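Here's a quick tour of one pocket and one helix. Have a look at the model first, then read on.

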Amino acid sequence: MAAAELMLQVEQIAKAYQGVGTIGRIHFEPGGANIIPESASFMIDFRHTDAGKRELMKTEIELALRKICEKRSLQYNLTVNMDIPPVLCSNTIVDM
């Protein structure tokens, strides 16, 4: 399954950069238990305190998605919902 393969890739890429990466809110259509889905949608969230490393993570994740889809003859549509520059959390909050 391409979604599961991408989940593993996101995790591996995030770990390679000492960042965080997850996939959530997965939705398959049709959603029957005994039906091969026609489409899948999901959200990828990845974070890093270093903007440059976060950009490298983004590039590698997009490349992984493209390769998985090419290998499985799938199409994809990528939409960026949010792109916020990284900020460090206050030490006071971290120490709590």
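## The largest pocket

Strand 2 contributes the most to the lining of the largest pocket, namely 9 residues. (Strands are DSSP E runs of at least two residues and helices are H or I runs of at least four, numbered from the N terminus.) This is a predicted model, where local features need pLDDT of at least 70, side-chain atom pairs count only at pLDDT 80 or more, and totals for chains, interfaces and linings use all residues. Residues are numbered from 1 along each chain as its sequence is written, and side-chain values use heavy atoms, with hydrogens and water left out.

The largest pocket holds about 1500 Å³ of space. A pocket here is an open set of points on a 1 Å grid over the protein atoms alone where a 1.4 Å probe fits, with protein on both sides within 12 Å along at least five of seven lines; lining residues have an atom within 4 Å of a point. The volume is the space filled by probe spheres set on the points, which are joined across faces, edges and corners.

## Helix 1

Which residues of helix 1 are buried (under 20% relative accessible area, 1.4 Å probe, protein chains only; exposed is over 50%)? They are Ala2, Ala3, Glu5, Leu6, Val10, Ile13 and Ala14. They sit on the same side of helix 1 because they cover an arc of only 165° around the axis, taken from the directions from the helix axis to the C-beta atoms.

These buried residues pack against strand 1, strand 2 and helix 2, with contact meaning heavy atoms within 4.5 Å. On the other side of helix 1, Leu8, Lys15 and Ala16 are exposed. Just after helix 1, glutamine 18 takes a positive phi of about 55°.
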